[in-house]
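Could you walk me through this model the way you would at the bench, one question at a time?

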Amino acid sequence: MCALIVAFAALSRLPEARAFCGFYVGKADASLINHASQVVVTHLEDKTVISLMNDYQGEPSEFALVVPVPAVLQKGQVHVGDRELFQKLEAYSAPRLVEYHDPDPCEIMRPMASLAMRSFAAGSAAPAPMPEASSLGVTIEAQYTVGEYDIVILSAKESAGLETWLIQSGYKIPFGAQRALEPYIRQDMKFFVAKVNLGEHQRTGLTYLRPLQFAFESPKFMLPIRLGMINAQGPQDLIVYMLTRDGRVETTNYRTVKLPTGMDIPEYVRSDFPGFYKAMFDEQVKRNEMRAVLTEYVWNMGWCDPCAGPPLSSDELKQLGVFWLDGDAPSTSPSPMNYFRRPGPMMGGGGSMPVMLTRLHVRYSADTFPEDLVFQETQDQENFQARYVLRDEWTGSPDACSAAKNYLDDLPHRHALEAQSLADLTGWSLDAVMKKAGFGASAMPKPWWQNMWKTSE
């Protein structure tokens, strides 16, 4: 299950390709290219709530989303969510730039660091008549409307019949859909088809489609990403926010790698932190041959240090499916209707709460990620954030005291180390980094062996 967002405005500047876990099917000759995906997965034991938000490129009068699901979802298990919660979760867990000010070296006192956080982005038409499903081996398991979405839950005996049903229903199927659907049919998974009715959408008064949420029970803790490669152009990016009770989440069928963090980098990066982060992420993907899931953030949702954005409240977490905040998780399964009940009162006190956030970022292609993502929750509660440090220099006189002279004499060496760190993180040329940072070539430390032997080499 993965993401869905449709933005009808601001499509003039298209972002880079992003991931998608189902695939879009457009009416008639509509051409759809998905390029942004964020997914929130709330998981405890065999209970999972998945919130999907995607973006697309194209202007079809209608389109639908096809996502494999592990069971037939009843109407109470599907909900229309709030886009602002994704924005808050993104801001809270965003990679961040932290700025410290060097203290006056002449003052004998514990340095007082001041932090400045900078986060990285950033009238209904009548439904078309359905073709006869049974003759194609397709069963309509459920059919209902939630908000601006007309939803059909399908099961199928073979992929060709499902593909034929979708085509006869008026949808243009991406090339290769039949082959991509087959593994899910063999696993006896169902197919969630959420068709957007633009007339109903207009009644909401919104310029975007709201996220969809699913609540279900299944022993499978996974995200199906293979369908998203059907109508993808190039590698895909997917950000998954995992909300669990006990610890960090990792993938079991791919390597999960933490991003480099905590490095001092030159001050000029302040003016283009997004550009730096993109280059750094690209480099880490390259070094891992696009075969690893990268961890960007792990933290208890009750607090943060430093914060790029405020933590989500108890009520907001409940809206994302964190159903256990009213007490211990029930020993028996709650009714699907209760997954999306009205949030209760806020938790008091502050500090930690029984919710861990793991932010995973994966860039993948059909060749490098041939299997769907399978997850496990660990007992690891160690905090982690993709965090990079600027150090503002003290600007006093070298004559102020002996410590001041030592401090200023050491700055060229520090500059060289910062430049080297930046070059290593991003793959940028060290000479280019030194030049842009305004560091002279003399700042670079000489190799330790250079003066060991008296040779011309």
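What follows is a friendly exchange about confidence, cores, salt bridges, a helix pair and backbone angles.

Reader: Before we start, what kind of model is this, and what is its average pLDDT?
Author: This is a predicted model, in which local features need pLDDT of at least 70, side-chain atom pairs count only at pLDDT 80 or more, and totals for chains, interfaces and linings use all residues. Residues are numbered from 1 along each chain as its sequence is written, and side-chain values use heavy atoms, with hydrogens and water left out. The score pLDDT is the predictor's confidence in each residue, from 0 to 100. Here 74% of the residues score at least 70, and the chain average is 78.

Reader: Over which residues does pLDDT stay under 50, with 17 contacts beyond four places in sequence?
Author: Where pLDDT is low, the predicted coordinates should not be read in detail. One such stretch is residues 27-34, with pLDDT under 50 and 34 contacts beyond four places in sequence, a contact being heavy atoms within 4.5 Å. The stretch you ask about, also under 50, is residues 341-350.

Reader: How many residues does the largest nonpolar core have?
Author: A nonpolar core is a set of buried Ala, Val, Leu, Ile, Met, Phe, Trp, Tyr and Cys residues joined through side-chain atoms within 4.5 Å; buried means under 20% relative accessible area, exposed over 50%, and partly exposed in between, with a 1.4 Å probe and protein chains only. Leu 73, Ile 151, Phe 192, Phe 369 and Leu 373 have the most contacts inside the largest core. Leaving aside residues up to four places away in sequence, Phe 192 touches Leu 73 and Ile 151, and its other partners include Val 78, Leu 212 and Phe 214. The largest core has 40 residues.

Reader: Which residues are included in the second, separate core?
Author: In soluble globular proteins, nonpolar side chains tend to be buried together. The second core is separate and has 24 residues; it includes Leu 243, Trp 299, Leu 317 and Leu 320.

Reader: How many salt bridges does the model have?
Author: Side chains of opposite charge can pair when their charged atoms come close. The rule used here asks for a side-chain nitrogen of Lys or Arg within 4 Å of a carboxyl oxygen of Asp or Glu. By that rule, the count is 22.

Reader: How far apart are the closest N and O atoms of Lys 88 and Glu 316?
Author: Lys 88 is partly exposed, at 37% relative accessibility. Glu 316 is buried, at 14%. These two form a salt bridge, and their closest N and O atoms are 2.4 Å apart.

Reader: Which residue forms a salt bridge with Asp 237, and also with Asp 282?
Author: Asp 237 is buried at 2% relative accessible area, and it sits in strand S14 (residues 236-244), 126 residues from its partner in strand S18 (residues 356-364). Helices (H or I, at least four residues) and strands (E, at least two) are DSSP runs, numbered from the N terminus. Asp 282 lies in helix H5 (residues 273-287), so its salt bridge to strand S18 ties together parts that are 81 residues apart in sequence. For Asp 237 the N to O distance is 2.7 Å, for Asp 282 it is 2.7 Å, and the partner, buried at 13% relative accessibility, is Arg 363.

Reader: Which residues do salt bridges that share partners join into one network?
Author: Here the bridges link up through shared partners. The one network joins Glu 99, Glu 267, Arg 270 and Asp 392.

Reader: How do the axes of H5 and H7 cross: parallel or oblique?
Author: Axes are lines fitted to C-alpha atoms, for helices over the stretch in contact, with angles from 0 to 180 degrees between N-to-C directions. The two axes come within 7 Å and cross at roughly 55°. Angles under 35 degrees count as roughly parallel, over 145 as roughly antiparallel, 65 to 115 as roughly perpendicular and the rest as oblique. That makes H5, relative to H7, oblique.

Reader: What is the phi of Asp 188?
Author: Most residues other than glycine have a negative phi, and most peptide bonds are trans. Asp 188 is in the loop between helix H3 (177-186) and strand S11 (190-196), and it is exposed at 51% relative accessible area. Its phi is positive, near 60°.
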